[in-house]
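Let's take a friendly walk through one protein model. Have the sequence and the 3D view ready, and follow along at your own pace.

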Amino acid sequence: MEVTEEDNKSITCIVTASGIYVAILSPLSETFQVSPNGALLNLKLDPIVSVRIPKRGCSEALDCCFSIIPFSDERLTLARRTHPSQTMDIRSLSPVYNFNYPGGEFKRPITLKLPLPQWLLSSGDSAGAPASAADSASVTIFYQPRPGLAEPWRILDPGSSLKLTKNSISFEARHLTRYCFASVSPTKAQRASLAMPLLCSWNTAMEGEILLFAKLEDRRWRLCVDCAPRNEIVERISDRVQAKGWLFLQSLQLQQQQQQQQEQQFSSFRRRPNSRRQADVGEESRRGAVRLRNGAIFIVRLAGSSDLALCQETETDNGPVAAVENCLRQVLVQYHQLLSDAPAIYRLVPTERCHTVATDFFDYKLQQQQQQQADLDSGNRAADSAQENETINFKSQISVLDESGDLVSEHEIVLSFDAVKTYLGLRPPTPPPPPTPTPPPSPPPPTQRGSTATAGAATIKRIPTLPRLRLRVNELDAAQARIESFQRLTAPRRHLQAPTSTRESKALSVRSLQTLSEHVRQGLTLAVHLSLPESAITGIGFDVLSAGGATSVASVTYKILTHWKRSVPLPERGSMARQLADALASMGRPDLARVLLECDDANCELTPSLLAS
């Protein structure tokens with residue numbers, strides 16, 4: 001196989017058969033065999049590297065793969081800036097010399113000879129004299145017994161076997177694994193070994209962005225968080241938007257940058273370029289880029305006066321269900337390199353504030369429509385189109401932060417009132433059915449005339465006469481009838497009453513139920529009197545047992561009350577206070593039932609002072 005010298009972009013190889021060939025790009029490596037007979041192996045990947053295997057050092061012959069993984073200066077600088085407290089003890093690092101040997105620990109020590117670190121080469125004299133004892137004391141050898149990004153690194157104490165020459169360093173060890181030299185103070189070497197997994201993960205990190213997508217269906221809202229590498233951003237956005245129907249949430253920083261560029265293009269006069277402003281814009285454009293390393297954690301937070309919450313979605317036989325009681329305002333998303341194409345999807349649910357505002361505005365629109373219809377029927381005035389088109393929007397701000405708490409990007413979701421109304425299932429009340437009309441009386445059957453009647457005689461038909469209705473206007477004289485007619489015409493017009501609200505009483509609010517839970521010690525007994533299903537009672541009992549002693553009696557009672565409150569159908573919610581009062585009275589707490597009914601009549605919340613009195 002030969003590489004073309006003109007552009008170094010093509011490979012020429014000679015094959016003996018035609019077919020399909022695939023080129024796989026991998027780090028440069030070298031494979032050699034470790035035998036129980038022992039040997040001195042000089043590797044071709046680096047002429048300085050050699051491995052001396054003693055006789056009977058291992059039990060069987062196995063292949064070992066050797067590779068060199070250099071550290072990127074740019075990524076090391078970024079790791080030190082992001083995690084200064086963990087990486088401040090390490091001054092310099094050599095490349096990682098990776099020996100992928102599956103045999104484990106050797107029975108007898110092996111001798112490794114590796115290149116001298118760069119900082120010791122620069123400190124030597126021009127004659128190439130060997131490094132001094134002071135230089136050898138400043139070298140700390142880290143090794144990883146089991147390869148892996150998350151595996152801990154340990155410190156190797158070579159003792160008297162450590163030897164330094166003008167270009168190499170040799171030592172004895174019992175593991176053929178990953179080795180790295182570091183310039184660390186001997187008193188801080190143990191703490192510096194804890195930063196090696198972090199530095200190795202940053203060394204293999206790649207540039208990318210955190211992409212957010214939203215899918216707002218009728219009764220199902222979802223948020224997708226995708227950690228995409230830089231070379232896959234365009235493909236993932238087009239695939240999820242065009243093929244799967246998701247909405248891409250562009251960052252607010254990028255929107256501001258595009259708006260500034262449009263303003264500069266349409267400006268009619270020239271301005272002197274401001275270097276500071278250009279630097280700020282460049283910093284904003286780079287803010288969305290992150291380093292995707294294996295195990296990196298990002299925080300997705302719904303900040304500000306958000307009207308949405310996040311919860312994990314579970315699949316059931318009846319379809320996906322969101323656990324609304326476990327809603328959070330922030331979640332942690334971890335990036336895994338092997339699962340980079342599997343995004344995290346969460347369910348978006350409206351908060352209690354959003355539910356209350358949407359319900360109140362829906363009642364207001366119903367009253368407005370009924371009043372306008374009444375005014376049109378009476379002919380007083382025309383309908384106001386501005387009031388008919390009146391609406392409200394709900395906004396949610398989403399912030400993405402890295403594991404150090406720095407802001408990565410900000411996004412915003414705007415929900416219309418129609419979308420929230422469809423999600424909550426708000427509908428006008430069903431009108432009462434029209435009265436059934438009374439069927440007219442059936443005519444009497446025709447009478448049969450006798451056979452003695454004369455043929456051809458005229459038939460006499462009787463026309464039924466209706467009885468005269470007894471109306472009050474017929475019983476009054478003319479003067480009294482005129483007075484009552486005038487009073488009826490001049491009476492003030494009756495206004496249409498507002499429809500009764502289906503909102504719950506303040507006696508059943510969250511704060512009232514929490515106060516009531518503090519005074520009810522028999523939560524499971526209350527659940528039986530509230531006619532909760534046995535499956536719900538059993539589920540709450542298992543939650544209490546799984547939590548151990550961390551769950552109090554008041555919290556168990558509060559869970560039962562909230563579960564009962566959600567299970568009551570909409571037509572029966574007007575009598576919820578009466579149902580709860582009957583349950584409390586039947587379990588021997590008539591005092592609590594009396595206070596609950598009084599608060600329901602006054603439409604006020606339960607307080608500890610009311611229950612104490």
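A polar contact is a pair of N or O atoms within 3.5 Å, where one atom must be able to donate a hydrogen and the other to accept it. Keep in mind that this is a predicted model.

With that in hand, look at Thr177. Its side chain reaches the backbone oxygen of Gln144 at 2.4 Å, and that is within the 3.5 Å cut-off. Where does Thr177 sit in the chain? You will find Thr177 in the loop that links strand 13 (168-173) to strand 14 (178-184).

Is Thr177 buried or exposed? Thr177 is buried because its relative accessibility is 3%, and buried means under 20%. Leaving aside residues up to four places away in sequence, Thr177 touches Tyr97, Asn98, Phe99, Tyr143, Gln144, Pro145 and Pro147.

Now move on to a sheet. Here 4 strands, in the order 23-19-25-26, make an open sheet with antiparallel pairing. Strand 23 and strand 26 are its edge strands, each pairing on one side only. On average, neighbouring strands of this sheet are turned by 20° against each other, ignoring direction. In general, strands of a sheet pair through backbone hydrogen bonds.

This table lists elements at this end of the sheet.

| Element | Residues |
|---|---|
| Strand 25 | 393-401 |
| Strand 26 | 407-416 |
| Helix 12 | 417-424 |

Strand 25 and strand 26 run antiparallel and are joined by 9 bridges. Within this pairing, Val400 stands opposite Ser409 of strand 26. Helix 12 lies across both strand 25 and strand 26, at about 80° to strand 26.

Notes. Residues are numbered from 1 along each chain as its sequence is written. This is a predicted model: local features need pLDDT of at least 70, side-chain atom pairs count only at pLDDT 80 or more; totals for chains, interfaces and linings use all residues. Side-chain values use heavy atoms; hydrogens and water are left out. Helices (H or I, at least four residues) and strands (E, at least two) are DSSP runs, numbered from the N terminus. Buried means under 20% relative accessible area, exposed over 50%, partly exposed in between (1.4 Å probe, protein chains only). Contact means heavy atoms within 4.5 Å. Two strands pair if DSSP finds at least two bridges between them. Axes are lines fitted to C-alpha atoms, for helices over the stretch in contact, and angles run from 0 to 180 degrees between N-to-C directions.
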